[in-house]
Amino acid sequence: MSSPTTDISGVRKAVLRLQTVLLDTTLITTLLLMVELQWVAFSGKRGGTGLLMTAEEILKNLSYGTLALVAFVAATAWNLFYRDIGCSPGRAWVRGEPEWERDLPWHHTLRGWFIALFIELSFFTGWLITEVDLGTFLTKFGKAWDIIRGLLHPSGSVLEQGLILLVQTVFLAFMATAFAIPAAFLISFLAARNLTRHSAIARLAYTLTRTVMNFVRAVEPLVWALIFISWVGIGPFAGVLALWITSIASLVKLYSESIESIDTGPMDAIAATGASYLQVLRYGVVPQVIPPFLSFTIYRWDINVRMSTIIGFVGGGGIGYILKPRVDLGEWGEVGTLVLLIALTVWLMDVVSAKIRERIV
Amino acid sequence: MSAAPVSAASREAVRIENLGKTFPSGVRALDQVSFTVREGEFLVVLGLSGSGKSTLLRCINRLIDPSDGRVFVFGTEMTALSGSALRASRREIGMIFQQFNLVKRHTVLDNVLSGALGRGHLLRSLFLSFAPDEVVFARACLARVGLADRAGERADRLSGGQQQRVAISRALMQRPRLILADEPVASLDPALRHSVMRHIEALNRDEGMTVICSLHDIDLVRRYATRIVALKAGQLVWEGLPGQLDAATFHAIYGEDAEPASNQSFEEAR
């Protein structure tokens, strides 16, 4: 009886130890790499072109392998001697903060200093990598003035075309939402934890649905638009499909979360009458989730209107489609007209959807 | 006693054999529970909250699957059923819950009609549509509990006592032979308890339905039970008639610290 228990806890301990060391190794490696990056940047080393190395060039030439090895040794050492030098961040994360450090201020623990240094280095590293340049920002305002003047003096020449494409934009968002509702409705039952515990198949369906939906959501609508453009060609339909698939993924998440928070009492009561599982869902679940579903759907339609204005940038139809070439050509007056139209539409949809949600829910 | 006398010859309605339930958390909610209920009885299950009353009732219609033991309802072994056979048996068992468990956003009538789901047409029922004769019967069930005029209202507009009466007519809609009532009046105002209990009593007395009802209020137990079983920590600790329930038994069930709602109830019994 006791021996299998010890085995399990022994395996579990080893897994926890491995997690701790890997987490610490990752953190220390990152810290060391940031130190090296700062070091190279400020030592004035020159790259292949004879100029100062850019952040990209530095990133390409950091000593990743060596530093990871050093970090692994350091992480192991830190976790071997944590009683003497204080708990490591990885250990605190995996096992929880040890009691003797719980009430200490951050600057009394090694971990506190480590994290402080980490945050500080992240900031300076970010500054280098994103090429923050305050001098240019403050002195070269003149070039941007042309654009702003254009925006303030919208030209009427694209007004008609803009308005027509605006209609397309709004319907693009509408169709994407309309197509997404039935699909998301059905899929959300598979993605609700409380409805998928009763058999191994249901649990598998849950995991599979969640994984696929997480993946779909992780890819931005603009990327989906590129995929669908190569499938159905440039135009609003590709935009509809791109917003459709991302809407499904996001609605499934929201829908299934509201299914998970229902009162299960009515489900029991309906099941007790001898009803079948479909009837239990129809009577015990659906009436409870309709108000949150409506609210989430309108919210999503709102987001889709915003997205549909820029989906045209990559060829997905809508007003963005004529905006992009005018930005490239520097037709700032026309850009101004289109931007104002977009702002007006988004604002109007925002107000309308807020009002509808207020009424329904 | 207001309930119909139960002759020893009447048939067995429910038989429970060595019933046990261990939850995944490791809690042993029921342990080796055995008893028999005869047709026409009003059996009260007595016990503290957490003593396993709810689990016991839910094991009878298999809302909870017992870990061990067997349950027979009208000769059918519930614990051996699954799928459509289980649903067919559930149709004969109406259930009333402490929290009413109505579909709040549906009308009162739709809630009553949901009692007919087990015998209706599946596809039709998914569109909340029912055969005309079922609607007539549903209205009759509502009239039985005095709520005929509230049929078109949303269920959550009704008071707690009214909602529980809707739940009773939903059970009635099933045309059941057995009623399981899980603390049916525990979340109601004390003044309304008898109004609900009397309706359950009427099903037992006038329709001959067997009732298994969990209660913890000793005065209600004396008033409505024809027989009592008592649970303590998941085990059956006492079985007897209402008249045999004295102070000593009460303390054996509820513990030494417990005090009955009114001491008079024992005085009267003697």
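In the predicted model, the centres of domain 1 and domain 2 of chain A, taken over C-alpha atoms, are separated by 40 Å. The first of these domains spans residues 2-132, while the second covers residues 150-360.

Within chain A, helix α13, which runs over residues 265-272, is mostly covered, with seven of its eight residues classed as buried, a class that requires 20 or more other C-beta atoms within 10 Å of the residue's own. The buried residues of α13(A) are A:P266, A:M267 and A:D268, followed by A:A269, A:I270, A:A271 and A:A272. The cover over these residues is drawn from both chains, since it includes α14 (277-310) of chain A and, from chain B, α2 (83-90) together with β6 (93-96). Just after α13(A), the backbone at A:G274 adopts a positive phi of about 95°.

In chain B, strand β1 (residues 12-22) pairs with two strands that are described here in turn. With strand β2 (residues 28-38) of chain B, the pairing is antiparallel and extends over seven bridges, and one of the residues involved, B:E12, has B:R38 in β2(B) as its bridge partner. The strands β1(B) and β2(B) form a hairpin in which five residues lie between them, and B:G26, located in the turn, has a positive phi of about 95°. With strand β4 (residues 68-73) of chain B, β1(B) again pairs in the antiparallel sense, in this case over five bridges; in this pairing B:E17 stands opposite B:R70 of β4(B).

Notes: Residues are numbered from 1 along each chain as its sequence is written. Chains are lettered from A and ligands numbered from 1 in the order in which they are written. This is a predicted model: local features need pLDDT of at least 70, side-chain atom pairs count only at pLDDT 80 or more; totals for chains, interfaces and linings use all residues. Domain bounds come from an automatic or database domain assignment. A residue is buried if 20 or more other C-beta atoms lie within 10 Å of its own, exposed if 12 or fewer, and partly exposed in between; C-beta atoms are placed from the backbone. Helices (H or I, at least four residues) and strands (E, at least two) are DSSP runs, numbered from the N terminus. Two residues are in contact if their C-beta atoms, placed from the backbone, lie within 7 Å. Two strands pair if DSSP finds at least two bridges between them.
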